[in-house]
Amino acid sequence: MSFDLYLGSQSPRRVDLLTQQGLRLRQIIQPIDESVLAGESATVYTERLAQEKARAAWQSVVANLWPLKPLLTADTTV
């Protein structure tokens, strides 16, 4: 299957939003500890998780010799 980008997210909503825009995705799910660090603000927390997901997902791309495509990661908190 051909795809447009890698998605380093488990969010069904994110998948829905992107596929509604016509994008074809390849999800890369990596185990990331999503614990909030002591004193960490919501902004810093979500940015840190998105960066950790990006690093882990990109390592999978490289390790598996997958084609180079854009990688999207994100995180939210409530």
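**Warm-up.** Which residue follows helix 1 with a positive phi? It's Gly22, with phi near 90°.

Ground rules before the rest: this is a predicted model, where local features need pLDDT of at least 70, side-chain atom pairs count only at pLDDT 80 or more, and totals for chains, interfaces and linings use all residues. Residues are numbered from 1 along each chain as its sequence is written, and side-chain values use heavy atoms, with hydrogens and water left out.

**Exercise 1. Sketch the fold.**

Step 1: list the elements. Helices (H or I, at least four residues) and strands (E, at least two) are DSSP runs, numbered from the N terminus. The protein chain has 2 helices and 3 strands, and from the N terminus on they run β-α-β-α-β.

Step 2: arrange the strands. They make an open sheet of 3 strands in the order 2-1-3, with parallel pairing; two strands pair if DSSP finds at least two bridges between them. Strand 2 and strand 3 are the edges, each pairing on one side only.

Step 3: zoom in on one pair. Strand 1 and strand 3 are joined in the parallel sense over 2 bridges, and Tyr6 sits opposite Leu71 in strand 3.

**Exercise 2. Work out which way helix 1 faces.**

Step 1: find the buried residues (buried is under 20% relative accessible area, exposed over 50%, partly exposed in between, with a 1.4 Å probe and protein chains only). In helix 1 (residues 12-20) they are Arg14, Val15 and Leu18.

Step 2: look down the axis. The buried residues fall within an arc of 100°, so they line one face of helix 1; the arc is that of the directions from the helix axis to the C-beta atoms. The background: an α-helix has 3.6 residues a turn, so residues three or four places apart point the same way.

Step 3: check both sides. Pro12, Arg13 and Gln20 are exposed on the other side, while the buried residues pack against strand 1 (5-7), strand 2 (25-27) and strand 3. Contact here means heavy atoms within 4.5 Å.

**Exercise 3. Trace the salt bridges around helix 2.**

Step 1: set the criterion. A salt bridge is a side-chain nitrogen of Lys or Arg within 4 Å of a carboxyl oxygen of Asp or Glu. The whole structure has 5.

Step 2: start at Arg48. Its salt bridge with Glu40 has the closest N and O atoms 2.6 Å apart, and another, with Glu52, has them 3.1 Å apart. Glu52 and Arg48 both lie in helix 2, 4 residues apart, about one turn of the helix. Arg48 counts as buried because its relative accessibility is 16%, whereas Glu52, at 24%, is partly exposed.

Step 3: move on to Lys53. Lys53 forms a salt bridge with Asp75, at 2.4 Å between the closest N and O atoms. That pair links distant parts of the chain: Lys53 in helix 2 and Asp75 in the segment after strand 3, 22 residues apart. Salt bridges that share partners join Glu34, Lys53 and Asp75 into one network.

**Exercise 4. Place Val36.**

Step 1: locate it. Val36 is in the loop between strand 2 and helix 2, and counts as exposed because its relative accessibility is 52%.

Step 2: find its partners. Leaving aside neighbours within four places in sequence, Val36 touches Tyr45 and Arg48.
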